[in-house]
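Please look through the model below with its helices, loops and internal cavities in mind. The paragraphs that follow take these topics in turn.

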Amino acid sequence: MKLGSVEHKELFCHSFLNSHLEYEPEHLPWPDLNDADLARLQAIPFWEKALDIEREAGAMVSSYATTVTDPLLHEAIALQGREESRHARLIETLIDRYSINMPARPAVEVPPNIEPAFTTFGFEECLDSFFAFGLFGIARDAKVFPEALFTIFDPILDEEARHIVFFVNWFTYIQINRRQGFLPLRLVRTLWYYGKALSNLITAFSDADPSGTGFTATGASTFTDDLSLEKFLSVCIQENHQRMSKYDSRLLKPELMPKLASIARRTLQFIPQQRQPQNVEAKGEWGMGG
Ligand SMILES: [Fe+2]
Ligand SMILES: [Fe+2]
């Protein structure tokens with residue numbers, strides 16, 4: 001199968017459309033939590049940011065879909081828009097169900113340059129999801145919450161994995177068909193977008209973020225006491241590999257983050273143990289990558 005061909009488009013669109021899950025957030029089997037679990041859930045600092053990201057994503061992706069004339073691409077992107085809005089409803093349901101404190105959210109605005117916004121968002125999802133997979137794996141392993149809660153969120157993370165697989169294939173398909181498929185150019189453009197996504201992520205993590213602590217997971221160390229950065233990266237790589245292995249081998253998968261993380265992990269192995277910080281504040285967005 002040639003990348004950029006009609007066959008490629010049909011494969012990445014149909015595999016996306018055919019793997020859609022039917023569920024309503026309100027009808028999921030939300031477990032009762034004991035006081036300690038409830039307090040821990042309420043103290044997680046990123047619900048506000050996660051809700052904002054999903055609300056904005058739902059509106060932006062749905063609005064981008066209305067501009068796409070290719071019927072198959074339109075159908076797939078419109079479905080992603082509905083899934084992002086459903087993620088927002090899922091977080092709202094969680095907030096209601098567990099009485100999480102949430103100030104009123106501002107109205108959602110759709111950005112004027114909709115395709116660049118969709119593209120930047122796709123690269124952000126690739127970054128966020130990579131760390132979210134790892135943080136989720138660590139929290140689940142440490143049994144931070146009852147398994148019933150992880151069982152609810154596991155398919156949501158798979159949904160984000162599905163989005164980023166669709167996205168990297170869409171991006172490549174579009175670049176090739178707009179005669180921008182020359183590989184070095186595609187790489188430069190990819191890196192540019194990744195750079196932008198990374199700088200957005202850093203801004204969100206820093207104090208400059210207007211939502212304050214909202215988005216920053218105060219660290220995987222919230223979930224477990226003996227976590228080194230090396231271990232965190234290893235779990236991210238492993239969880240990412242596991243989620244990505246569910247897809248057709250002919251589809252492209254996001255590669256930059258797993259590669260960078262592998263390099264970082266190898267580098268860390270050369271640093272003497274005593275120089276590595278203990279209980280690393282491994283920051284990552286655990287919630288919805290968007
Ligand atoms: Fe989402
Ligand atoms: Fe998504």
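Helices (H or I, at least four residues) and strands (E, at least two) are taken as DSSP runs and numbered from the N terminus. This is a predicted model, in which local features need pLDDT of at least 70 and side-chain atom pairs count only at pLDDT 80 or more, while totals for chains, interfaces and linings use all residues. Residues are numbered from 1 along each chain as its sequence is written, and side-chain values use heavy atoms, with hydrogens and water left out.

A convenient place to begin is α4 (71-97). Its 27 residues should span 39 Å at 1.5 Å a residue, and the end C-alpha atoms are 38 Å apart, which agrees; the expected span is here 1.5 Å times one less than the number of residues. At the N-terminal end of α4, Asp70 acts as a cap, with a side-chain oxygen 3.0 Å from the backbone nitrogen of Leu72.

Beyond α4 comes Ser99, in the loop that leads to α5 (114-141). Most residues other than glycine have a negative phi. Ser99, although not a glycine, has a positive phi of about 50°, and Lys143, in the loop between α5 and α6 (147-177), likewise has a positive phi, near 50°. Ser99 is exposed, with a relative accessible area of 55%, and Lys143 counts as exposed at 69% (buried means under 20% relative accessible area, exposed over 50%, partly exposed in between, with a 1.4 Å probe and protein chains only).

Is Pro254, in contrast to those loop residues, buried or exposed? Pro254 lies in the loop between α8 (229-244) and α9 (256-269), and it is buried, with a relative accessible area of 12%. Leaving aside neighbours within four places in sequence, Pro254 is in contact (heavy atoms within 4.5 Å) with Cys126, Ile164, Val168, Tyr194 and Met244. The C-alpha atoms of Pro254 and Phe167, which are 87 residues apart along the chain, are separated by 8.8 Å.

The remaining topic is internal space. A cavity is a set of points, on a 1 Å grid over the protein atoms alone, where a 1.4 Å probe fits but cannot get out, and lining residues have an atom within 4 Å of a point. The largest cavity is lined by residues including Phe12, Phe16, Arg162, Phe166 and Tyr247, and α1 (6-18) and α6 each supply at least two residues of this lining.

Key:
Chains are lettered from A and ligands numbered from 1 in the order in which they are written. On a 1 Å grid over the protein atoms alone, a cavity is a set of points where a 1.4 Å probe fits but cannot get out, and a pocket is an open set with protein on both sides within 12 Å along at least five of seven lines; lining residues have an atom within 4 Å of a point. A polar contact is a pair of N or O atoms within 3.5 Å; within protein, one must be able to donate a hydrogen and the other to accept it, and residues adjacent in sequence count only if both atoms are side-chain atoms.
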